[in-house]
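Thanks for sharing this one. Here are my notes, set out point by point so you can follow them alongside the model.

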Amino acid sequence: MYRVLGPVECFRGGRAVALGGVRQRRVLAALLMDADHVVSTTRLIGATWQQPPPTAQSQIQMVISRLRRALGVGPGDHVISTEPSGYRLQAGPGQLDSAVFQEHVAAAQDLARSSLDEAVARLRDGLAMWRGSALAGLEGSTVLDSWAGSLEEARLAAHELCLRLELQRGRHTETVGELMEATEAHPLREGLQGLLMQALYLSERQAEALAVYRQTRRRLIEELGVEPGARLRRLQYEILSGDTRNWLPVSTAPPVRIRHAQLPAAASVCTLPERDTDCVGRAELLERIRRQLTAAGRTADGDVPVVVLHGRGGSGKSTLAVHAAHELAGEFPDGRLYVDMQGRSLRPLTTSETLSRLLSDLGVDAADLPQGLQARAELFRKLVGRRRVLVVVDNMSADVPPSEWLPEKGSCAVLLTGRRRWPGGPGVRGLEVGSLGSEAAVELLGRIVGPSRVAAEWRTAHLIAQLCDRLPLALCIVGARLATRSGWTLEEMMHRLGDESQRLAELVHGGTAVRTVLAEAYQDLSPGARRLLRRLAAIGMPPFAGWAAPVLLGCGAGEAASTLGELLDTHLIEVVSGADADSHCYRIPDLVRVFACERAASEEPEEEIARVRHELLEVFLGLMVRAHRADYGGDHALVHGRAALRREPPVIPALLQREPLRWMDGERANLVWALREAALAGADEVCWDLAVTAVTLFENRCYHEEWLITHTEALTAVRRVGNRRGEAVLLASLGALNIRQYNFAEAGSLLERALAGFDSIGEKQGRVLALRHVAYLHRMRGDSAAALSTYQEALAGCRDFGDRAAETLVLIGMARLALAEGRLRDASALLDGALAICVEIGARRCLSQVLECRGMVLLRLKKYERAERTLERALEIVRLRGDLEGEARVAYGMGVMRLSQGRLTEAAGLLHTGTALAQSVGDQALRARGLRALGALGEATGEDALAAVSYEEARALFHQIGLAEEPGALTEVDEPVSQPAV
């Protein structure tokens, strides 16, 4: 039995184990903190030392050895096992007192719905297990202090629940003393103060109950600079008004009959909680609420205006609603009614109970309350429909739609808050309450801890705001903790929050915890939505698209879309990009992600997460291959890994089918993530296949940096396992990248190594595709004969393999060579063949290149009308594909054509456009030719000085990239190296 609810102890065979000094007990505590899971050596070091010595790792090994001896571990006993990344301590059921304590609490929470006596007994048994402060004697370790803090918070929460249930059992008099001790020990814990107020009031000590409120309010203002929370303020109001009907369940409530005088129609009633002064950063939302709820927001049909404030827990919806209601007092002179459907009980109020409270606030005597939801709704509509009353319903429950009990017509207005988006209707307007802006978040923090402290550590304050997701609740908790610990710096708090594994444990103060709010939202989800959230967080995917959901859930597209919509409606994921539904990407807010990772660690087997991650990688590869096929008219011009690894996707994104390159572009972040995940998982075939398939995007958008990064990482992965085929393919692709960057020497070296690799394993297809780039290099070096011979060898190979798109690219290369040598008939014939293949297979990428080159041949033949039509068709295709490099080449060609025709003004615009685009995509050769053409244009317009400057810039650029300058050959356009490498 291991005991951490006090000093760390261990009992084996009924006898206490001598654990040794502080160092060994800290290591044991760190292992127990993640019992049955691997604890890394780095984490053990962090738990043991604040400033680890150089020998920390070897010392940890010695401590583990001593612990094993102390625990009496035999040769076959695996209590503490050594794992690749650390150690695992196995603690079976009932062997760790903190886990047993949590079992008592969980059982009590379930029993509270059926037997209060049994629930209290379980809680008392759990609390009796505590022998002092958690991990007593091990203070000073950041890792263990955070765990101890979370255990202490769980103890306080259990004690508070126990006392609450005691009140529900009717033991208010007997509980007063225990509550006084608890509130003295924790004076800022508003939940305990509220229970003490209830116990005193029910014990006929009303004055003392109100005195507790005054003392608590004064202490909060003096120490934290904040007012009591809405629930404590509401409790004071209920004591003052004598309306305590909702404190106890009906079965245990004393037989008290509360009567209210009937209010005249013109009388005003206000049951709003006090206004929170810290409604920071919400000015725009407040104005939108005001406009919607007042005359400006009313429809011509007289529909009652309804505003629904929705957002995730902790975003400040309740604070905003109460603040807005106070601001609108002049607009609603007949009253502002408030009810919190969540309340302080174990269950939320039903709609019928909510109406009961609202009717009571309106002056309906308890004896006159009608029975049944419909009767109460009808009476409520009659009382408020024609009065200028604002009804605020906080934490709206979903048991009955608001449209079934709220007035439809009249002069009143309604303000609702809830976590979920609500369906619209006549007069209904939903407003999302999201995270604060950066400046507003820092301002809120400054109002709590003091503006001078924030100003002194301004950058750190901004980092804290980001670590808190700029969530008001999290910021208020951090601010309150800093305010009560004047010795803490903001930097120290930032470092505490920086440890994701302990972040939620740090976001706890005075009975309020971010984890509690997240847990409530999590429990409200359907099982499928909880599973999707856990898996999305566990696999760590960057902003993800909807296609991932059916893979992670193992279901159909319709069910997955519904589950994704549930997470979106509850604000546990958010849209981050996409102008339309086809291109939406989503992300999990950081605090939600940290919480979901915790749930995944306890609810999802590691092997299951590994399985769905691998399946997701395979599906992603399959989608990338489909995008390549859509652009190239088939699985052409590319060598793939093992085909079995490309899993058939359960859903094909519409955007991929319509605009494959745009879809690929939207998946760039996921591409790098997937490649790295595949490398870490040892899936080298998936890794290199993803890298080379993505070249379809990289070459089109000129993403040279991503091209290099992905291929470098994939090379490391394939070399680690000796995958020679994957290595050769990647080297050839890097050779193509270096050609694009005019690093011809490096390109030659890479291609030479790639060919050697292909030859060593008998990979003929890879060799054939690499030869096309070798031919281009021969041409750049001025060896036309070698270029033609290599092109012919590549062409024969492409035809042998039936790779029609690659055949087209080789034909285009041969045509450009013929064009450069003035063999225009040969060039035309080659392009005719290439065009026929493009039409046959639907290769959009190849078609634009064929048309652009054909236009240049027609221009050399002075067939201007046909050249113009051809180039305009090419321009249409490249713009549709988002191909800026292709657009630069077509604009250059059309500019040269206009120059040849003497249409100098049009030529100037086109040449400037082409040259600017060439510079933006990094095509230095095309830019040099554009500058040379602008020089010719300057000569034609008599601007000799401008012509000289352009010629000089062109010469310098040609020299810089190592190309020979041919001033007279304006229509020669080099082959664009803009296709997958192999």
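**Notes on the model**

1. Let me begin with helix H17, which spans residues 458-467. Its buried residues are Thr460, Ala461, His462, Ile464, Ala465 and Leu467. What packs over them? The cover for the buried residues of H17 includes helix H15 (438-449), helix H16 (451-456) and helix H19 (490-498). H18, H20 and helix H25 (590-603) are also among the elements that cover these residues.

2. Please look next at what comes after H17. The helix is followed by Asp469, which has a positive phi, near 60 degrees. Asp469 sits in the loop between H17 and H18, and it is a residue other than glycine with a positive phi value. Is Asp469 buried or exposed? It is buried, because its relative accessible area of 8% falls under the 20% cut-off.

3. Tyr742 deserves a look for its backbone as well. Phi of Tyr742 is positive and near 60 degrees, again in a residue other than glycine. Tyr742 belongs to the loop between helix H33 (724-740) and helix H34 (744-761). With a relative accessible area of 12%, Tyr742 is buried.

4. A word on confidence, since this is a predicted model. The chain has a mean pLDDT of 86, and 91% of its residues reach 70 or more. Over residues 249-266, however, pLDDT stays under 50, and the model has 27 contacts beyond four places in sequence for that stretch. Residues 971-982 also have a pLDDT below 50, and this stretch has 75 contacts in the model beyond near neighbours in sequence. I would flag both stretches in the text, giving the pLDDT values next to the contacts.

5. Now the chain as a whole. How many helices and strands does the secondary structure come to? There are 44 helices and 17 strands. The C-alpha atoms fill a box of roughly 110 × 85 × 50 Å along the principal axes. Of the 982 residues, 55% count as buried. Among contacts with a separation of 6 or more, 69% are between residues 24 or more positions apart.

6. The second largest pocket has a volume of about 800 Å³. It is lined by 31 residues, and those closest to its centre are Gly149, Glu152, Glu153, Arg481 and Arg485. Which element gives the most to this lining? It is H6, with 10 residues. Helix H6 (142-168), helix H18 (472-484), helix H20 (500-506) and strand S13 (508-509) each supply at least two residues. By class, the lining divides into 12 nonpolar, 9 polar and 10 charged residues. H18 and H20 thus turn up in two places in this note: they supply residues to the pocket lining, and they help to cover the buried residues of H17.

7. At the start of the chain, Tyr2 lies in strand S1, residues 2-3. Tyr2 is buried, with a relative accessible area of 4%. Leaving aside neighbours within four places in sequence, Tyr2 is in contact with residues including Glu9, Cys10, Leu28, Leu32, Leu71 and Val79. Further contacts of Tyr2 include Leu89, Ala91, Gln95, Leu96 and Asp97. Tyr2 and Ala30 are 28 residues apart in sequence, and their C-alpha atoms are 12 Å apart in space.

8. Leu123 makes a good companion point. It is found in helix H5, residues 116-127, and is buried at a relative accessible area of 1%. Not counting residues up to four places away in sequence, Leu123 touches Val105, Ala108, Ala158, Leu161, Cys162 and Leu165. From C-alpha to C-alpha, Leu123 and Ala107 are 8.6 Å apart, with their positions 16 residues apart in sequence. Cys162, one of the residues that Leu123 touches, counts as buried at 0% relative accessibility.

9. Finally, the cysteines. The count of disulfides comes to 0. Why does Cys798 form no bond with Cys846? The closest cysteine sulfur to that of Cys798 is in Cys846, and at 11 Å it is too far for a bond, because a disulfide needs the two sulfur atoms within 2.5 Å. Cys798 counts as buried, at 2% relative accessibility.

How values were computed: Residues numbered from 1 in each chain as written. Predicted model: local features only at pLDDT ≥ 70, side-chain atom pairs only at ≥ 80, totals over all residues. Heavy atoms only, no water. 1 Å grid on protein atoms, 1.4 Å probe; cavity = no way out; pocket = protein on both sides within 12 Å on 5 of 7 lines; lining within 4 Å. Points joined across faces, edges and corners; volume = space filled by probe spheres on them. Helix = DSSP H or I, 4+ residues; strand = E, 2+ residues; numbered from the N terminus. Nonpolar A, V, L, I, M, F, W, Y, C, P; charged D, E, K, R; others polar. Buried < 20%, exposed > 50% of the residue type's maximum accessible area, 1.4 Å probe, protein only. Contact = heavy atoms within 4.5 Å. pLDDT = per-residue confidence, 0-100.
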